[in-house]
Each structure stands twice: as C-alpha cells, then as structure tokens.
Amino acid sequence: MDMKSLKSYLYWLYCQFELITCSYLMEPWEKVLFHSFNVAMLLAVLYSAYVFVPGHVSTALQFLLHLFGKQQDNQHVPVVK
C-alpha cells in the first residue's frame, strides 16, 4: 500500500466519522470541543484499562484456579517479623 492510497483511505475514514457523528454540520469551534471531548474520553478509557484490567484479570485467574482445586503456592514468599 503506497502513501497516496493510505492518505486517501484515512481521509475516507475521517469523512465516514463525520457522517456518522454529523460533525460536518458543526462550526469549527464546535468541532474542536467535540474532538477534544472524544479524545479525552478515549484517553480516560485507555488509562482505566491500563490501571484496572490487570488487577481484575489476576483476581479472575486466582478465582478460577481456586474453583479447579489448585492452590496458589505462597511458600516462596518470605515472612517478615
């Protein structure tokens, strides 16, 4: 895929986004607010996924291991007195 076709494909995707969201009807300052809000929400979702998903996956795996009868081996953890 060459750069010209990539550029035209990205432009086509942006036009589809504008059609779906009806943002082509907005004034320029409204578009800035709209896009800023969308980017902020995307960043909030990505940050939340980065912070919270690993903990939830770990908890879910421990629960599944407990269901199947396999106990987690905690003997390698030193006891601090």
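Here are a few exercises on this predicted model, each with a worked solution.

**Exercise 1: Get your bearings**

Work out how many helices and strands the protein chain has, and what share of its residues is buried.

*Solution.* Start with the secondary structure: the protein chain holds two helices and zero strands. Next, look at burial. The chain has 81 residues, and 2% of them count as buried. Finally, turn to the surface. The accessible area of the chain comes to about 7,700 Å², and carbon and sulfur atoms account for 71% of that.

**Exercise 2: Check the span of each helix**

Compare the end-to-end distance of H1, and then of H2, with the span expected at 1.5 Å a residue.

*Solution.* Take H1 to begin with. It has 19 residues, so at 1.5 Å a residue it should span 27 Å. Its end C-alpha atoms are 27 Å apart, which agrees.

Now do H2, which runs over residues 28-67 and has 40 residues. The expected figure is 58 Å, because the expected span is 1.5 Å times one less than the number of residues. From first C-alpha to last, H2 reaches 56 Å, which is close to that figure.

**Exercise 3: Follow H2 along its length**

Find where H2 bends, and by about how much.

*Solution.* Walk along H2 until you get to Phe52: the helix bends there by about 35°. Then look a little further on, and you'll meet a proline, Pro54, within four residues.

What does UniProt place at residues 32-53? An unreviewed UniProt entry gives this stretch as a "transmembrane region". In the model, residues 32-53 are 100% helix and 0% strand, with the end C-alpha atoms 31 Å apart. Keep going past the end of H2 and you come to Gly69, which takes a positive phi of about 85°.

**Exercise 4: Classify an aromatic pair**

Decide how the rings of Tyr9 and Trp12 are arranged.

*Solution.* The structure holds two aromatic pairs. For one of them, Tyr9 and Trp12, the ring centres are 6.0 Å apart and the planes meet at 25°. Planes under 30 degrees apart count as stacked, so this pair is stacked.

How are the two residues placed in the helix? Tyr9 and Trp12 are three residues apart in H1, so about one helical turn separates them.

Are they buried or exposed? Neither label fits, since partly exposed covers values between 20% and 50%. Tyr9 has a relative accessible area of 41%, so it is partly exposed, and Trp12, with 45%, is partly exposed too.

**Exercise 5: Explore the loop between the helices**

Sort Glu18, Cys22 and Ser23 by location and burial, then find what Glu18 and Ser23 touch.

*Solution.* First, location. Glu18 sits in helix H1, residues 3-21. Cys22 belongs to the loop between H1 and H2, and Ser23 is in that loop as well.

Second, burial, where the cut-off for buried is under 20%. Glu18 has 11% relative accessibility, so it counts as buried. Ser23 is at 0%, so it is buried. Cys22, in contrast, is partly exposed at 39%.

Third, contacts, leaving aside neighbours within four places in sequence. Glu18 is in contact with Lys31, among others. Ser23 is in contact with Lys31 and Phe34, and also with Glu18.

Last, the backbone. Just after H1, Cys22 takes a positive phi of about 60°, although Cys22 is not a glycine.

Key. Residues are numbered from 1 along each chain as its sequence is written. This is a predicted model: local features need pLDDT of at least 70, side-chain atom pairs count only at pLDDT 80 or more; totals for chains, interfaces and linings use all residues. Side-chain values use heavy atoms; hydrogens and water are left out. UniProt positions are given in the numbering used here, feature names are shortened, and annotations may be inferred rather than shown by experiment. Buried means under 20% relative accessible area, exposed over 50%, partly exposed in between (1.4 Å probe, protein chains only). Contact means heavy atoms within 4.5 Å. The bend at a residue is the angle between axes fitted to the seven residues ending there and the seven starting there. Rings of Phe, Tyr and Trp (its six-membered ring) pair if their centres lie within 6.5 Å; planes under 30 degrees apart count as stacked, over 60 as edge-to-face and the rest as tilted. Accessible areas come from the Shrake-Rupley method with a 1.4 Å probe; for residues, only the protein chains shown count as cover.
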